[in-house]
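Biologist: Please take a close look at where empty space is left in this model, and tell me what is packed around it. Go slowly, I'd like to follow along on screen.

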Amino acid sequence: MPGFYINSMPSRVALKNLYPQRCVMETLTENEVTIKRYTLNKFMRDKAFCETAELAFVTEGVILNLRDLLEEYGATTVDELVPTMYRKTGELFFSRFVGPFAGALYDKKQKAWLVWTNHVGDKAVFYSVSPELFTAGSQVNYVIDAFREKSIPLSFDEQAAYQMLTFGFMEGDRTY
């Protein structure tokens with residue numbers, strides 16, 4: 001399933017998907033970070049991909065209560081809504097979203113990433129944190145390709161795989 005990819009440094013990773021002709025491909029590259037989306041050209045009103053002076057962010061999925069949130073925060077698009085909610089309510093702003101969604105936000109002043117998925121976790125986010133690189137994506141191949149690009153070895157979290165096979169999800173902050 002297409003989605004998004006973020007990287008703590010400039011990256012040339014080519015996102016690969018099954019039906020590229022049905023996708024919208026966009027890239028934001030700040031001095032020290034990369035944000036890409038390769039998303040299906042559906043429900044685009046529910047998705048954000050934007051950069052402001054303070055933030056760069058991407059969302060993927062459908063926000064079922066979008067109309068109510070736009071009205072409450074005086075916004076007309078998700079690109080306006082995300083920074084407004086982030087400024088007013090802080091880093092847990094996305095907890096007000098309802099539906100299958102995930103996203104990432106880079107706060108340029110704090111030089112900090114915020115990556116989220118919904119409370120059910122049906123929009124997966126795969127990530128890795130190492131001394132060399134922080135990367136996350138809505139597809140595991142995006143993360144693997146980022147490490148291959150930088151020639152950084154990866155290891156497999158066997159416990160995360162057991163949890164996925166047993167529970168259908170990974171608890172805590174585990175990822176493959």
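Modeller: Here is a walk through the pockets, then the helices and cores, and a few loop residues at the end.

First, the ground rules: this is a predicted model, so local features need pLDDT of at least 70 and side-chain atom pairs count only at pLDDT 80 or more, while totals for chains, interfaces and linings use all residues. Residues are numbered from 1 along each chain as its sequence is written, and side-chain values use heavy atoms, with hydrogens and water left out.

Rolling a probe the size of a water molecule over the atoms shows where empty space is left. A pocket here is an open set of points on a 1 Å grid over the protein atoms alone, where a 1.4 Å probe fits and protein lies on both sides within 12 Å along at least five of seven lines; lining residues have an atom within 4 Å of a point. Points are joined across faces, edges and corners, and volume is the space filled by probe spheres set on them.

So what's in the largest pocket? About 480 Å³ of space, with 22 residues lining it. T117, V125, M170, G172 and R174 lie nearest its centre. Strand 7 (112-117), strand 8 (126-129) and strand 9 (134-137) each give the lining at least two residues; helices (H or I, at least four residues) and strands (E, at least two) are DSSP runs numbered from the N terminus. The lining of the largest pocket splits into 13 nonpolar, 5 polar and 4 charged residues, with Ala, Val, Leu, Ile, Met, Phe, Trp, Tyr, Cys and Pro taken as nonpolar, Asp, Glu, Lys and Arg as charged, and the others, Gly among them, as polar.

M170 and R174 turn up again around Q163, in helix 4 (residues 158-167). Not counting neighbours within four places in sequence, Q163 is in contact (heavy atoms within 4.5 Å) with G168, F169, M170, E171 and R174. Q163 has a relative accessible area of 5%, so it is buried; buried means under 20%, exposed over 50%, and partly exposed in between (1.4 Å probe, protein chains only).

Now the second largest pocket, with about 330 Å³ of space. It is lined by 16 residues, and S128, L154, S155, F156 and Y176 are the closest to its centre. Strand 8 and helix 3 (140-149) are the elements that supply two or more of the lining residues, and helix 3 gives the most, with 4. By class, that lining has 11 nonpolar, 4 polar and 1 charged residues.

Stay with helix 3 for a moment. Its buried residues are Y142, V143, D145, A146 and F147, and they pack against strand 1 (3-7), strand 3 (34-40), strand 8 and strand 9. After helix 3 comes S151, in the loop between helix 3 and helix 4. S151 is no glycine, yet its phi is positive, about 55 degrees. Most residues other than glycine have a negative phi. With 65% relative accessibility, S151 counts as exposed.

Another non-glycine with a positive phi is K111, near 50 degrees. K111 sits in the loop between strand 6 and strand 7 and, at 59% relative accessibility, is exposed as well.

Over to helix 1 (residues 66-73), where L66, L69, L70 and Y73 are buried. Looking down the axis, these fall within an arc of 100 degrees, so they line one face of the helix; the arc is that of the directions from the helix axis to the C-beta atoms. On the other side, R67, D68 and E71 are exposed. The buried residues of helix 1 pack against helix 2 (78-89).

That brings us to the largest nonpolar core, a set of buried Ala, Val, Leu, Ile, Met, Phe, Trp, Tyr and Cys residues joined through side-chain atoms within 4.5 Å. It has 22 residues, and L81, V82, F93, F97 and L105 touch the most other members. Strand 5 (55-61), helix 1, helix 2, strand 6 (101-107) and strand 7 each give it two or more residues; helix 2 gives the most, with 5. Leaving out residues up to four places away in sequence, L81 touches L66, L69, L70, Y73, A75 and F97. There's also a second, separate core of 15 residues, including F4, V58, A102 and W113.
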